[in-house]
Amino acid sequence: MNVSILDDYFDTLGTLPCFRKLDGHAVEIWKDHVDDVEALADRLSGTEALVLIRERTKVSAPLLERLPKLRLISQRSVYPHIDIDACTRLGIVVSSDMHAGTPSYAAAELTWGLILAAMRQIPQQAAALKSGTWQIGVGRTLRGLTLGIYGYGRIGETVAGYGKAFGMKVLVWARERSRERAQADGYPTASSKESFFETCDVVSLHMRLVPATRGIVTSPDLARMKPTALLVNTSRAALIEPGALPRALEQGRPGMAAVDVFEEEPVRDARHPLLTMNNAVCTPHIGYVTQDEYEIQFSDIFDQITAFAAGKPVNVVNPAVLDSPRLRMQR
């Protein structure tokens with residue numbers, strides 16, 4: 001099959017041991033990011049299997065309709081960036097392993113790294129030292145503070161464990177079933193969303209982005225946080241009401257933020273509001289970007305391609321497509 005891989009910024013995938021799973025296929029890797037539908041359609045004109053790296057590129061109906069040879073989109077995790085209905089209509093299989101049994105330890109570790117970096121002012125202190133200034137402020141110790149976990153899934157549970165190991169008090173807010181699971185694991189849950197934001201010294205978001213969670217963190221929620229508190233988001237930017245976080249930081253509640261995700265990615269403008277704030281620590285969506293995590297993820301993604309090529313597609317999120325006349329004809 002002709003396989004195209006988009007958005008491999010550092011040309012990493014070809015260095016992974018699992019890349020050998022694509023031996024026998026014609027593989028083209030693109031390192032730059034392109035949004036324009038015309039340019040993408042031209043680039044992918046001969047593509048039969050498309051590999052996506054998370055949500056870096058939006059795959060819309062106008063693009064899909066320009067790709068008559070496309071038979072498979074292979075990726076991992078959630079797929080809000082893919083028009084699934086259009087894929088089904090056009091006879092394109094979408095395979096995506098939802099890895100329900102394992103958390104992303106890489107994302108959990110980055111979350112903890114951002115908490116430490118923000119609370120101890122590590123990026124600011126390091127930058128000041130390089131400019132010739134010795135110490136610029138006083139950080140805070142985590143032990144004894146309250147860590148709020150908003151969304152008690154696989155990653156939230158892991159981060160809660162890190163907080164416990166650092167001597168923090170862990171408080172959970174989530175949907176009812178997740179709160180019950182947190183309580184079973186020995187973590188207290190907040191009496192309300194309002195008290196959760198008022199109480200916590202660190203709030204870390206760990207929810208999937210679905211219609212029900214879009215904008216779930218509102219301006220009033222942020223305004224309830226302490227002026228000494230930290231808001232951490234390594235999940236999805238759209239969990240927070242658009243524009244609310246920069247405004248809240250300007251108003252001093254919360255006092256700090258640490259984010260790995262943005263409403264529009266990639267961010268190429270250094271004038272982005274969060275990038276200009278001294279009380280924000282920002283990283284370029286690297287929560288899952290490690291050699292180890294890539295090997296895990298792309299081993300699954302490449303397995304999906306070989307399974308499809310063998311006539312036995314797996315992890316199909318649009319099973320109705322398997323009866324598509326176009327798909328049968330292409331076989």
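This report describes a five-stranded sheet and two buried residues, Ser77 and Asp260, in a predicted model.

## The parallel sheet

Five strands make up an open sheet, arranged in the order S2-S1-S3-S4-S5 with parallel pairing. Its edges are formed by strand S2 (26-29) and strand S5 (93-97), each of which pairs on one side only. From one strand to the next, the twist averages 20 degrees. In general, the strands of a sheet pair through backbone hydrogen bonds, in either a parallel or an antiparallel manner.

## Strand pairings

S1 and S2 run parallel and are joined by four bridges. Within this pairing, Ile5 has Ile29 in S2 as its bridge partner. S1 is also joined to S3, again in parallel, by three bridges; here Val3 has Ala49 in S3 as its bridge partner.

Towards the S5 edge of the sheet, strand S4 (residues 72-76) pairs with S5 in the parallel sense over five bridges. Arg76 is found opposite Asp97 in S5.

## The helix across the sheet

Helix H11 (residues 291-309) lies across four strands: strand S1 (2-5), strand S3 (49-51), S4 and S5. The helix runs at about 155 degrees to S4.

## Ser77, in the loop after S4

Ser77 is located in the loop between S4 and helix H3 (84-90). Its relative accessibility is 7%, and Ser77 therefore counts as buried, the cut-off being under 20%.

When residues up to four places away in sequence are not counted, Ser77 touches Arg54, Ser96, Asp97, Met98 and His99. One of these, Asp97, is the residue in S5 that Arg76 stands opposite.

## Asp260, a buried acidic residue

Asp260 occupies a place in the loop between strand S10 (256-259) and strand S11 (280-282). Which side chain of opposite charge is nearest to Asp260? That side chain belongs to Arg236, 7.5 Å away. A salt bridge requires a distance within 4 Å, and Asp260, although buried, has none.

Polar contacts are nevertheless present. The side chain of Asp260 makes one with the side chain of Thr283, at 2.7 Å. In addition, a polar atom of the Asp260 side chain lies 2.9 Å from the backbone nitrogen of Gly287.

Leaving aside neighbours within four places in sequence, the residues in contact with Asp260 include Leu110, Leu114, Asn233, Thr234 and Glu265. Thr283, Pro284, His285, Ile286 and Gly287 are also in contact with Asp260.

Definitions and conventions. Residues are numbered from 1 along each chain as its sequence is written. This is a predicted model: local features need pLDDT of at least 70, side-chain atom pairs count only at pLDDT 80 or more; totals for chains, interfaces and linings use all residues. Side-chain values use heavy atoms; hydrogens and water are left out. Two strands pair if DSSP finds at least two bridges between them. Axes are lines fitted to C-alpha atoms, for helices over the stretch in contact, and angles run from 0 to 180 degrees between N-to-C directions. Contact means heavy atoms within 4.5 Å. Buried means under 20% relative accessible area, exposed over 50%, partly exposed in between (1.4 Å probe, protein chains only). Lys and Arg count as positive and Asp and Glu as negative; His and the chain ends are not counted. A polar contact is a pair of N or O atoms within 3.5 Å; within protein, one must be able to donate a hydrogen and the other to accept it, and residues adjacent in sequence count only if both atoms are side-chain atoms.
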